[in-house]
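Colleague: Could you take me through the largest pocket, please? I would like to know what lines it.

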Amino acid sequence: MTDATAREGRLDPAAVPLPPYRLRMGGAHFKRDDDFVAAGVRDVRLLRQRAGLGRRKTLLDWGCGAGRLAIGVKHLLGNVADYHGVDVQPELLTWAQENLSDEHTRFTLVDQHNARYNPDGQATYDIPAEPGSVDVLYSYSVFSHMLTDDVAGYARTIARILAPEGRALMTAFVEDDVPDCVENPADYLNLEWSGALHCVRFDRRFFEQLVWDAGLAVEEYVHGRETDGQSMYVFSRRG
Ligand SMILES: C[S@@+](CC[C@H](N)C(=O)[O-])C[C@H]1O[C@@H](n2cnc3c(N)ncnc32)[C@H](O)[C@@H]1O
């Protein structure tokens, strides 16, 4: 029995601190503590199956919010070699730093511009990780709030920091045969999109060419099954 199997399902939902409701990104889905924990655990399983995550791997959670995935890691695996959560929102990041950090779990606040989450931030595409150092990069519902230039810029950075055999599991709003990039598309997925970058939807061909040009190859694509109808991608470094 592996460590992970031995641990699976053993932790009481209350064993790891949970952020208050107002700090949970995707809040409407996560009113109940059980749902919040289950979503983190579910995504760690997905990373294990689709992106090779294991306890000896380094995991970069880009756009980590208040640490939903870190909570999933603690429940399912105990720890990985290095969990590194990165986000632009000080209140969420500070909560995660104060409540979830340990010798295998760390968080870094960055100050990059995002019109929705950090409008006064800097216009750079840095992600704090050494080149070739990230075994698994997870970025859930982050490209769904970025326009073309930002997706291209960050995809270049991700291609640089991924380990040679590394994988990036990311979600985005992607559809076939739609305009290249639309912010808050009307009548899309039966939801009301309002405010800066609430929903950025890409044409699939356009999006995949953009990330290919940035140095990432599509390993897997699953349409429409993630939160609010986002699609899931697994990328590798383009050889
Ligand atoms: C919809 S939330 C998703 C949070 C988390 N990934 C989850 O699924 O629970 C998007 C997150 O991306 C973060 N974000 C946006 N732009 C960013 C950037 N340039 N660098 C790091 N984080 C960013 C936001 O602050 C926010 O926490």
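Modeller: Happy to; here is the pocket, followed by the core that shares an element with it. This is a predicted model, in which local features need pLDDT of at least 70 and side-chain atom pairs count only at pLDDT 80 or more, while totals for linings use all residues. Residues are numbered from 1 along each chain as its sequence is written, and side-chain values use heavy atoms, without hydrogens and water.

The largest pocket has a volume of about 880 Å³, the space filled by probe spheres set on its grid points, which are joined across faces, edges and corners. A pocket here is an open set of points on a 1 Å grid over the protein atoms alone where a 1.4 Å probe fits, with protein on both sides within 12 Å along at least five of seven lines; lining residues have an atom within 4 Å of a point. The lining counts 46 residues, and M25, Y117, Y140, S141 and H145 lie nearest the centre. By class, 21 are nonpolar, 15 polar and 10 charged; Ala, Val, Leu, Ile, Met, Phe, Trp, Tyr, Cys and Pro count as nonpolar, Asp, Glu, Lys and Arg as charged, and the others, Gly among them, as polar. Helix 2 gives the most to this lining, four residues; helices are DSSP runs of H or I, at least four residues, numbered from the N terminus.

Helix 2 also gives the most to the largest nonpolar core, with eight residues. Such a core joins buried (under 20% relative accessible area, 1.4 Å probe, protein chains only) Ala, Val, Leu, Ile, Met, Phe, Trp, Tyr and Cys residues through side-chain atoms within 4.5 Å. Of its 36 residues, L47 and Y83 are among those that touch the most other members.

Notes: Buried < 20%, exposed > 50% of the residue type's maximum accessible area, 1.4 Å probe, protein only. Helix = DSSP H or I, 4+ residues; strand = E, 2+ residues; numbered from the N terminus.
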